[in-house]
Amino acid sequence: MKVAIIGVGSVGSAVATAIKNTGLINEIVLFDRDGVRARAAAEDLGHASAFDRDVKISAVSNYRGLKGSDIVVISAGANQKPGQSRPELMQANANVINDIISHLMPNINPQKVILIVVTNPLDSLVMLTQKLSGISPERVIGTGTMLDSARLRTILAHQFGISKQSVDAYVLGEHGDTSIINWSSATIGGIALNDFCKQVKIPLSQATKNTILHRVHGAAAEIIKGRGATWDGIAAAVADLVRCIAHDERRILTVSIVSRGVALSLPRIVGGAGVVATLNPKMTASESSDLHKSIQAISKTFKPFNKIG
């Protein structure tokens with residue numbers, strides 16, 4: 001399987017490393033408008049591959065080098081600056097996506113390729129990527145709230161002193177500040193969250209739930225404050241998504257695709273052909289209302305770009 005990565009900054013480089021380490025990919029191609037950076041990243045990663053898995057890693061200077069790619073990861077774009085609004089970030093990165101798609105489409109097979117979008121604001125850019133490319137929505141996938149959900153599982157695992165692998169809980173909606181926690185469907189070890197709390201005698205009050213949501217929403221900002229950017233978490237999420245596609249695992253992931261005119265994260269079955277099905281989790285009236293607000297926020301960010309394409 002051949003994977004192409006467009007944009008080899010801190011995130012793209014981490015994604016390339018994480019994908020290489022899955023051992024599932026035999027070829028990785030790096031493309032960046034800064035050709036020197038792409039070549040340096042390919043050489044460095046190639047040296048690293050000598051210690052474990054023999055993966056063909058190369059850098060290309062034009063989009064023709066991406067021909068034959070099974071998966072294309074789009075991680076190019078500007079990071080959100082302090083004080084910059086999401087509409088402002090959308091405007092900046094919409095131009096980047098527009099340029100990428102116009103050059104990419106003549107060099108890939110739209111019937112077979114799967115596009116993975118990492119760039120923010122993610123959900124709106126998934127919508128723009130799908131609109132510009134014309135590729136079926138189930139094959140244009142944003143990492144969505146995969147990382148947000150991982151953060152939630154980590155917090156809950158720490159809260160109860162258990163393994164993260166025993167926690168089944170999802171963050172849904174926008175990959176951003178309007179995302180929600182689907183408490184109604186959360187389970188631990190297959191036991192409904194409320195029942196688990198009663199059995200282990202560790203209460204989870206509404207105030208605690210609010211604090212957890214605040215921590216999930218603020219996790220990225222805290223990491224950026226300490227190290228300037230986030231890359232390891234999202235790289236692991238992309239690698240997990242690639243693994244799921246490569247093995248046709250049909251696992252349930254909270255990825256973002258366009259459905260009913262908007263892209264947002266819901267539990268979805270993901271396999272070799274992309275998203276196979278979307279699930280509708282049990283939700284309270286309050287959770288449904290908050291999810292609707294999240295959808296409205298995504299739609300508002302994308303609205304100025306409705307006429308593109």
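Two strands count as paired when DSSP finds at least two bridges between them. Keep that in mind for what follows, which walks through a predicted model. We'll look at a run of parallel strands around β5, a small antiparallel sheet, a helix pair, and one buried aspartate, D123.

**Strands around β5**

- Start with V117 of strand β5, whose bridge partner in β6 is G142.
- That bridge belongs to a parallel pairing: β5 and strand β6 (residues 140-142) are joined over three bridges.
- V117 also stands opposite I74, and here the pairing is between β5 and strand β4 (residues 71-74), again in the parallel sense, over four bridges.
- Which way do the side chains of β5 (residues 114-117) point? I114 and I116 go one way, L115 and V117 go the other, and all of them are buried.

**The β7-β10-β11 sheet**

- Strands in a sheet pair through backbone hydrogen bonds, and they can do so parallel or antiparallel.
- In this open sheet three strands line up in the order β7-β10-β11, with antiparallel pairing.
- β7 (167-168) and β11 (191-192) are the edge strands, each pairing on one side only.
- β7 and strand β10 (residues 187-188) run antiparallel and are joined by two bridges.
- If you want a residue to click on, try D168: its bridge partner in β10 is T187.

**Helices α3 and α4**

- The axes of helix α3 (residues 86-104) and helix α4 (residues 122-133) come within 10 Å of each other and cross at roughly 30°.
- Angles under 35 degrees count as roughly parallel, so α3 and α4 are roughly parallel to each other.
- Which residues make the contact? On the α3 side they are R86, M90, N93, A94, I97, N98 and I101, and on the α4 side L122, S124, L125, L128, T129, L132 and S133.
- Sorted by class, the contact has eight nonpolar, five polar and one charged residues.
- As for handedness, α3 passes α4 in a right-handed crossing.

**D123 in α4**

- D123 sits in helix α4.
- Is D123 buried or exposed? With a relative accessible area of 2%, D123 falls under the 20% cut-off and is therefore buried.
- Leaving aside residues up to four places away in sequence, D123 touches G173, E174, H175, S256, A263, L264, S265 and I298.

Key. Residues numbered from 1 in each chain as written. Predicted model: local features only at pLDDT ≥ 70, side-chain atom pairs only at ≥ 80, totals over all residues. Heavy atoms only, no water. Axes fitted to C-alpha atoms, helices over the stretch in contact; angles between N-to-C directions. Parallel < 35°, antiparallel > 145°, perpendicular 65-115°, else oblique. Left-handed = near helix turned anticlockwise from the far one by under 90°. Contact = heavy atoms within 4.5 Å. Nonpolar A, V, L, I, M, F, W, Y, C, P; charged D, E, K, R; others polar. Buried < 20%, exposed > 50% of the residue type's maximum accessible area, 1.4 Å probe, protein only.
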